[in-house]
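Please open the structure in your viewer and set the display to a cartoon. The tour below suggests what to select at each stop and describes what is found there.

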Amino acid sequence: MQAWQVHENGEPSEVMRLADVARPVPGDGQVLLKVRAANINFPDVLMCRGHYQVRPPLPFTPGVEICGETEDGRRVIANPALPHGGFAEYAVADAAALLSAPDSLDDAEAAALHIGYQTGWFGLHRRAHLEAGETLLVHAAAGGVGSAAVQLGKAAGATVIGVVGGADKAVVARELGCDVVIDRRSEDVIGAVKEATGGRGADVVYDPVGGEAYTQSTKVVAFEGRIVVVGFASGTIPSPSLNHALVKNYAILGLHWGLYNTKNPKLVQHCHEQLTELAARGAIKPLVSERVPLTGAADAVQRLGDGVTTGRIAVVPTGAQA
C-alpha cells in the first residue's frame, strides 16, 4: 500500500515521503481499517516537527483522525494507532474506541467530526458550562478547531464573537454563523470585543492559539468568565498571571481531550452521540474546505502549519469515496 512516512523531524513538506510499504498488522485489540478519508490536524504538523507531546518512533505515518471502513464494511471514525497513522491507504486502530460514522455526513465530513468537535464539546460544555444567552469568544474562528467551537456555541444558544486573521477568513467566520467577526490584522481585538459586549466582555473564551491571543483573552473576559485553553497554534505558550485571574475573578481551564479516552471513555461515546444528533438535524456540519488526493497530503499539512488554511482539509486515498 501507499503511505506517507516521516523518517526525520522537520517541516512537513520536507520530511514527509510517500512510499510503498506493507499493510500494518493489527495488534491485540486492534483492527485494520481501509482509510476512506483522513483529516489533517495541527498535531500532525507538530509531530513532523518533533514538537508534539506524543513522539511516535521514526519512521511513522502521520494522520490522527480518519473515517475508515472495517473488514465487514462498516463506516467508522477512529484515531489511528501510531506509528500507523491515517495518511495511508490502510491504518490500524483500537477496536474498543471505534465510533460509528454518522449517516448524515460524507466520509470527509465524518473524519472531521471527531477531534475538533469533541474538543469543542468538552471545552464548552464539560469544562466551561456554556449557557444559552452567554457570549462566547472564539480565537482562530475560521480554522478547524475554531470553526467547530463556533458551530457548537451557536447550537448552544450563545452569541458568538469570532477572531480571525485576514479578510478571507472573516468571510468564512461569518458564513459559519459568528454574530460578530473581528479581523485581528486590521482591528483592535480588545476594543472591538468590549464594544460588541457593551464593555462587559466574553463569558467564555475558547483559545486554541495561545501567545498574544491569550493575553487579549485576559483583558476581555467577563466577571466570572472562563478561558478555555485548548492549544498553542501560535507556537507561544503563555504564562498566566494568577494575580490577574484573582483580581478580575475569572477561571483558566485547561483541556486535554485525549485524556478522556483513558480516564473516562464513556464520556467520549456520550459526546459522539450528542454530536451525531446535532449533525443529523443540521445544527453542526464540519467545514471541509478541501479534499486532496493522498499524493497531496504533505503539501496540505505544510499549508496548515503555515496558517493559510480554513476549516479542515481531508486527504482522500485513491478509490475512496469522500
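The tour begins with the whole chain and then moves to selected parts. Please keep in mind that this is a predicted model.

**The whole chain**

Select the entire chain and colour it by secondary structure. It comprises twelve helices and 15 strands. Rotate the view to follow the C-alpha trace, which spans about 60 × 40 × 35 Å along its principal axes. The radius of gyration is 19 Å, which agrees with the value near 20 Å that a compact globule of 322 residues would have.

Next, display the surface. The accessible surface comes to about 13,800 Å², and carbon and sulfur atoms account for 49% of that area. Of the 322 residues, 54% count as buried. Among contacts between residues at least 6 apart in sequence, 66% join residues at least 24 apart.

Now colour the charged residues. The chain has 27 positive and 34 negative charges, and the mean positions of these two groups lie 4 Å apart.

**Strand β6 and its partner**

Select residues 90-94, which form strand β6. Is this strand largely enclosed or largely open? Four of its five residues are buried, so β6 is largely enclosed by the rest of the structure.

Add residues 30-39, strand β3, to the selection. Strands β3 and β6 run antiparallel and are joined by five bridges. To locate one bridge, show Leu 33 together with its partner in β6, Ala 91.

**Asn 79**

Move to Asn 79, in the loop between β5 (75-78) and β6. With a relative accessibility of 26%, Asn 79 counts as partly exposed, because the partly exposed class lies between the limits of 20% and 50%.

Which residues does Asn 79 touch, not counting those up to four places away in sequence? Select Val 64, Glu 65, Ala 93, His 114, Ile 115 and Trp 257 to see them. For Ala 93, draw a distance between the C-alpha atoms: Asn 79 and Ala 93 are 14 residues apart along the chain, yet these atoms are separated by 6.3 Å.

**Helix α8**

Finally, select residues 212-220, helix α8. The buried residues here are Ala 213, Tyr 214, Gln 216, Ser 217, Thr 218 and Val 220. What covers them? The cover includes the strands β8 (135-139), β11 (202-207), β12 (221-229) and β13 (251-254). It also includes the helices α7 (189-196) and α9 (242-248). Display these elements around α8 to complete the tour.

How values were computed: Residues are numbered from 1 along each chain as its sequence is written. This is a predicted model: local features need pLDDT of at least 70, side-chain atom pairs count only at pLDDT 80 or more; totals for chains, interfaces and linings use all residues. Side-chain values use heavy atoms; hydrogens and water are left out. Helices (H or I, at least four residues) and strands (E, at least two) are DSSP runs, numbered from the N terminus. The radius of gyration is taken over C-alpha atoms; the globule rule is 2.2 Å times the number of residues to the power 0.38. Buried means under 20% relative accessible area, exposed over 50%, partly exposed in between (1.4 Å probe, protein chains only). Contact means heavy atoms within 4.5 Å. Accessible areas come from the Shrake-Rupley method with a 1.4 Å probe; for residues, only the protein chains shown count as cover. Lys and Arg count as positive and Asp and Glu as negative; His and the chain ends are not counted. The place of a charge is taken as NZ of Lys, CZ of Arg, CG of Asp or CD of Glu. Two strands pair if DSSP finds at least two bridges between them.
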